[in-house]
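Visitor: I am new to this structure and should like to understand the terms used for it. Please show it to me before we begin.

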Amino acid sequence: MAVVESYVERPPLPGLAGVVRTVWIQRTGEAAYVQRHLPTGGVEIHFPIGGRPQLVGPLTGPEVEVIPAHTTIVGVRFHPGTAPPLPTVLDDLVDQRVSLVDLWGSLEDRLVEAMARAGTPERALMLLQAHLVQEFRTAVRVDPLVGEAVQALMPWHPLNIDTLANHLALSASQLRRRCLHAVGMSPKVLQRTLRFQGFLALAQAGATPTGRRDADGTAGLAIDAGYADQAHLSRECLRLTGLTPSQLLGLNPSQPLGGTVDRCMCGHDHSASYKPFLATRRQPLRV
């Protein structure tokens with residue numbers, strides 16, 4: 001029987017809900033799979049069953065990975081400002097892949113062995129999450145001011161960085177330094193990354209644009225996510241993904257860019273990742 005390529009996201013365990021955005025299992029089929037990783041503002045753990053796990057640092061642009069055939073990966077995507085135990089600050093890991101053995105030492109070896117014996121990817125993913133729950137209970141400390149800054153910088157809340165710094169009783173330089181250490185990027189870069197994630201969330205959800213008159217489809221969603229116009233979205237999309245919005249979303253080349261959108265061209269369902277993200281759209285901001 002031929003092995004079929006698949007990617008399934010799901011919410012994390014309740015004990016990780018405040019720090020992990022989503023977890024997933026990805027299987028490749030009979031052929032290698034070209035995966036385009038996009039900036040999310042957070043770090044990720046990629047754990048091939050039977051292989052060596054890696055931490056993917058915060059991305060500022062696209063990373064294209066060729067995943068070998070017959071590979072199963074369990075993954076964890078963290079919220080910006082949260083990360084597993086690390087011996088360094090996150091601005092040292094921007095746009096890098098680091099072996100977890102370099103970060104966790106012998107603990108990583110024991111975890112690799114336990115997950116290889118788990119029997120199924122689902123059980124392996126549960127083991128990884130259980131390990132992270134314990135780590136966050138005993139070792140990891142999240143900067144609460146950075147967490148508040150991340151929520152304020154969501155795309156649904158247009159906000160000036162100096163205004164945010166004042167609200168947090170920090171100088172702009174202090175806010176920048178704390179974001180670089182805890183997130184890996186400046187508040188402005190994080191804001192741009194989250195705005196694009198907001199656009200993708202709306203597209204994945206098949207949302208109806210609520211933007212200005214005569215702006216529907218992609219153009220309307222761009223405005224809803226905080227872009228000035230369609231051209232603004234196109235520039236940011238190319239910078240963050242290496243593709244135009246039409247290419248990323250799989251629109252027909254003859255279709256106008258403002259046409260209907262329905263998920264990205266990878267065909268994967270990312271609703272488990274984007275539903276909580278979209279929920280913040282309804283939360284009032286008090287700054």
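Guide: What follows is a set of questions and answers on a predicted model.

Visitor: Why is Arg 77 called buried?

Guide: Buried means under 20% relative accessible area. Arg 77 has a relative accessible area of 10%, so Arg 77 is buried.

Visitor: What makes the contact of Arg 77 and Glu 9 a salt bridge?

Guide: The cut-off is 4 Å between a side-chain nitrogen of Lys or Arg and a carboxyl oxygen of Asp or Glu. For Arg 77 and Glu 9 the distance is 3.4 Å, N to O, and therefore the pair counts as a salt bridge. Arg 77 belongs to strand 7 (residues 72-78) and Glu 9 to strand 1 (residues 6-10), so the pair ties together parts that are 68 residues apart in sequence. Glu 9 is also buried, with a relative accessible area of 10%. By this rule the count comes to 11 salt bridges.

Visitor: Why is Glu 122 called partly exposed?

Guide: Partly exposed lies between the limits of 20% and 50%. Glu 122 stands at 32% relative accessibility, and so counts as partly exposed. Its salt-bridge partner is Arg 27, at 3.4 Å, N to O. Glu 122 is in helix 3 (residues 121-138) and Arg 27 in strand 2, so this pair ties together parts that are 95 residues apart in sequence. Arg 27, at 25% relative accessibility, counts as partly exposed.

Visitor: How do you know that Glu 236 is buried and Arg 239 partly exposed?

Guide: Glu 236 has 6% relative accessibility, under the 20% limit, and is therefore buried. Arg 239 has 33%, which falls between 20% and 50%, so Arg 239 is partly exposed. Both residues lie in helix 9 (residues 230-241), three residues apart, about one turn of the helix. Salt bridges that share partners join Arg 192, Arg 195, Glu 236 and Arg 239 into one network.

Visitor: What makes Val 64 eligible for a surface patch?

Guide: A patch residue needs over 30% relative accessible area. Val 64, in strand 6 (residues 63-67), has 48%, so Val 64 passes that limit. Val 34, Val 64 and Val 66 form a nonpolar patch with about 270 Å² of accessible area together.

Visitor: Why is Glu 44 the kind of residue called charged in the lining of the largest cavity?

Guide: Asp, Glu, Lys and Arg count as charged, so Glu 44, one of the lining residues, is charged. By class, this lining has four nonpolar, four polar and one charged residues. The largest cavity has a volume of about 50 Å³.

Methods
Residues numbered from 1 in each chain as written. Predicted model: local features only at pLDDT ≥ 70, side-chain atom pairs only at ≥ 80, totals over all residues. Heavy atoms only, no water. Patch = residues over 30% accessible without salt bridge, like charges linked within 9 Å, V, L, I, M, F, W, Y side chains within 5 Å. Areas by Shrake-Rupley, 256 points an atom, 1.4 Å probe, with all protein chains shown as cover. Helix = DSSP H or I, 4+ residues; strand = E, 2+ residues; numbered from the N terminus. Buried < 20%, exposed > 50% of the residue type's maximum accessible area, 1.4 Å probe, protein only. 1 Å grid on protein atoms, 1.4 Å probe; cavity = no way out; pocket = protein on both sides within 12 Å on 5 of 7 lines; lining within 4 Å. Points joined across faces, edges and corners; volume = space filled by probe spheres on them.
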